[in-house]
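Please open the model in a viewer and keep the sequence panel beside it. The tour goes from one pair of elements out to the whole chain.

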Amino acid sequence: MSVGIRGSGTDGRGVAPWRSVRRTAAVVLYGWAAAAAVAGASYVALRWDWVPIAVGVVLCLAFAVFVGLLHRAGWIALLSFLPGLFILVGAVQYAPEAALEARGVRESVVVVADSATGKDGKNHRLTLRTADGEELEERLAYNGSGAPRVGERLDVIRDPEGVVPMERADEVDAAGRLGGLIAGLVGWTLLAFLAGWRGHVRRRRGKTDSLLLSL
């Protein structure tokens with residue numbers, strides 16, 4: 001009886017190491033390609049943030065599925081969402097902020113009007129006036145609490161071509177966005193290597209049944 005079981009390969013000893021290496025490499029390459037695709041979508045669609053966000057969410061979900069299948073455990077798929085968030089934010093925001101740093105015009109302005117009304121208004125569209133008294137046609141968008149108040153002075157960077165939305169100067173940090181993207185990629189790479197190693201061990205032991213409860 002035991003000879004038949006060993007011959008059937010259910011103990012996993014026939015799992016080829018190079019197959020696990022190839023699977024791990026494929027997941028790592030997919031992660032880097034996914035990050036590049038999101039960054040590329042951000043460059044192509046500078047006017048529409050929702051395009052790279054939608055692409056990034058789909059690709060991050062796919063990476064979570066792939067790393068979970070590689071490891072044969074669901075917890076590592078959930079863990080991959082943390083570096084995935086760094087990749088998504090970094091890749092989506094790097095392109096427009098790099099464009100502002102490259103060709104943007106810095107202006108010292110004062111807030112003269114706010115479109116948000118009432119105490120619960122959180123979708124602010126701020127009207128700005130420059131130091132020489134010119135009112136900017138473009139409005140500074142600010143969603144949420146903590147928006148600059150009417151009469152407050154601040155520095156902004158605006159795109160003379162009108163492609164990239166204007167931002168506060170102290171919030172434009174392309175290098176920081178790139179650093180977050182790289183940190184997320186490092187996290188994904190380490191998780192893929194961990195998943196590949198643990199997945200190979202699990203397959204050799206024949207533990208390939210449960211993705212959600214397996215360690």
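Select Pro52, Ile53, Gly56, Val57, Cys60, Leu61 and Ala64 in H3, then add Phe81, Gly84, Leu88 and Val92 in H5; in this predicted model the two groups meet each other. What kinds of residue form the contact of H3 with H5? Colour the selection by residue type: 9 are nonpolar and 2 are polar, with no charged residue in the contact.

Next, widen the selection to the full helices, residues 50-71 for H3 and residues 81-103 for H5. Their axes come within 10 Å and cross at roughly 155 degrees. Angles over 145 degrees count as roughly antiparallel, so H3 is roughly antiparallel to H5. Turn the view to look through one helix at the other: the crossing of H3 past H5 is right-handed.

Now select the whole protein chain and show it as a cartoon. How many helices and strands does the chain have? There are 6 helices and 5 strands. Follow the cartoon along the sequence and the order reads α-α-α-α-α-β-β-β-β-β-α; the run of strands thus comes before the final helix.

Keep the chain selected and display contacts. Among those with a separation of 6 or more, 67% join residues 24 or more positions apart.

Last, switch on the surface. The accessible surface of the protein chain is about 12,400 Å², and carbon and sulfur atoms hold 61% of that area. Colouring by burial gives the other side of the picture: 40% of the 215 residues count as buried.

Notes: Residues numbered from 1 in each chain as written. Predicted model: local features only at pLDDT ≥ 70, side-chain atom pairs only at ≥ 80, totals over all residues. Heavy atoms only, no water. Axes fitted to C-alpha atoms, helices over the stretch in contact; angles between N-to-C directions. Helix = DSSP H or I, 4+ residues; strand = E, 2+ residues; numbered from the N terminus. Parallel < 35°, antiparallel > 145°, perpendicular 65-115°, else oblique. Left-handed = near helix turned anticlockwise from the far one by under 90°. Contact = heavy atoms within 4.5 Å. Nonpolar A, V, L, I, M, F, W, Y, C, P; charged D, E, K, R; others polar. Buried < 20%, exposed > 50% of the residue type's maximum accessible area, 1.4 Å probe, protein only. Areas by Shrake-Rupley, 256 points an atom, 1.4 Å probe, with all protein chains shown as cover.
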